[in-house]
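Biologist: Got a minute to walk me through this one? I'd like the overall layout, then the side-chain pairs.

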Amino acid sequence: MNSMNSATAFRFLILVIPEVLVIFRLFPAEHPRYGKPKAVALETQEHQSRQVGQDRIVESSEREKDTFDKFLSHELWLKTHYQSHDTTSGYDYNHYRPAYKYGFDLPL
């Protein structure tokens with residue numbers, strides 16, 4: 001009789017457990033009316049950080065444009081400097097232009 005009870009209990013569990021799991025899967029994890037507060041907060045933070053990052057890119061690109069414009073305004077002087085010092089190297093000014101630009105961009 002004892003073996004009959006354990007077999008019956010085992011069969012009952014085999015039949016009931018999958019049904020209970022299916023029923024629990026049908027329930028939403030969080031109430032749809034309130035949404036997912038943690039996910040919404042994370043999305044808001046990510047959006048704000050992206051906006052700050054985009055603002056920094058715009059600021060840095062404007063700064064780089066200003067720096068490049070200043071470099072272009074001084075480029076005639078830099079070409080003159082090249083012609084007076086580096087003409088024996090066999091390279092033209094465009095070969096040395098990145099070095100002049102790098103030196104121009106260095107902070108004082």
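Modeller: Sure. One term before we get to the pairs: helices here are DSSP runs of H or I with at least four residues, numbered from the N terminus. And keep in mind that this is a predicted model.

Biologist: OK. How many helices and strands does the protein chain have?

Modeller: The protein chain has three helices and zero strands. Along the sequence that reads as α-α-α.

Biologist: And what share of the residues counts as buried?

Modeller: Just 6% of the 108 residues in the protein chain. The accessible surface comes to about 9,900 Å², and carbon and sulfur atoms account for 62% of that.

Biologist: What about contacts between residues at least 24 apart?

Modeller: Those make up 40% of the contacts between residues at least 6 apart in sequence.

Biologist: Let's go to salt bridges. How many are there?

Modeller: The count is three salt bridges. One of them is Lys-65 with Asp-69, at 3.2 Å from N to O.

Biologist: Where do Lys-65 and Asp-69 sit relative to each other?

Modeller: Both are in helix α2, which covers residues 37-85, and they are four residues apart, so about one helical turn separates them.

Biologist: Is Lys-65 buried or exposed?

Modeller: Lys-65 is exposed, with a relative accessible area of 51%. Its partner Asp-69 is partly exposed at 37%.

Biologist: Next pair, then. What does Arg-97 form a salt bridge with?

Modeller: With Glu-75, and the closest N and O atoms are 2.5 Å apart. Arg-97 is in helix α3 (residues 93-105) while Glu-75 is in helix α2, so this pair ties together parts that are 22 residues apart in sequence.

Biologist: Nice. And is Glu-75 buried or exposed?

Modeller: Glu-75 is buried, with a relative accessible area of 11%. The cut-off for buried is under 20%, so that value qualifies. Arg-97 counts as partly exposed, at 25% relative accessibility.

Biologist: Leaving aside neighbours within four places in sequence, what is Glu-75 in contact with?

Modeller: Tyr-93 and Arg-97. The Tyr-93 side chain joins the side chain of Glu-75 through a polar contact of 3.1 Å. So from helix α2, Glu-75 has that polar contact with Tyr-93 as well as the salt bridge with Arg-97.

Biologist: Good, that's the Glu-75 story. Which residue does Asp-105 pair with?

Modeller: Lys-101. They form a salt bridge, with the closest N and O atoms 2.6 Å apart. Both lie in helix α3, four residues apart, about one turn of the helix.

Biologist: How accessible is Asp-105?

Modeller: Partly exposed, with a relative accessible area of 36%.

Biologist: Changing topic: which residues make the nonpolar surface patch?

Modeller: Phe-12, Leu-13, Ile-17 and Leu-21 make it, and the patch is about 410 Å².

Biologist: Where does Phe-12 lie?

Modeller: In helix α1, which runs over residues 2-26.

Biologist: And is Phe-12 itself buried or exposed?

Modeller: Exposed: the relative accessible area of Phe-12 is 52%. The cut-off for exposed is over 50%, so Phe-12 makes it into that class.

Biologist: Great. Can you give me a quick recap for my notes?

Modeller: Here goes. The predicted model has three helices and zero strands. Salt bridges include Lys-65 with Asp-69, and Glu-75 of helix α2 pairs with Arg-97 of helix α3. The nonpolar patch includes Phe-12, which lies in helix α1.

Definitions and conventions: Residues numbered from 1 in each chain as written. Predicted model: local features only at pLDDT ≥ 70, side-chain atom pairs only at ≥ 80, totals over all residues. Heavy atoms only, no water. Helix = DSSP H or I, 4+ residues; strand = E, 2+ residues; numbered from the N terminus. Buried < 20%, exposed > 50% of the residue type's maximum accessible area, 1.4 Å probe, protein only. Contact = heavy atoms within 4.5 Å. Areas by Shrake-Rupley, 256 points an atom, 1.4 Å probe, with all protein chains shown as cover. Patch = residues over 30% accessible without salt bridge, like charges linked within 9 Å, V, L, I, M, F, W, Y side chains within 5 Å. Salt bridge = Lys/Arg side-chain N within 4 Å of Asp/Glu carboxyl O. Polar contact = N/O pair within 3.5 Å; in protein donor to acceptor, adjacent residues only side chain to side chain.
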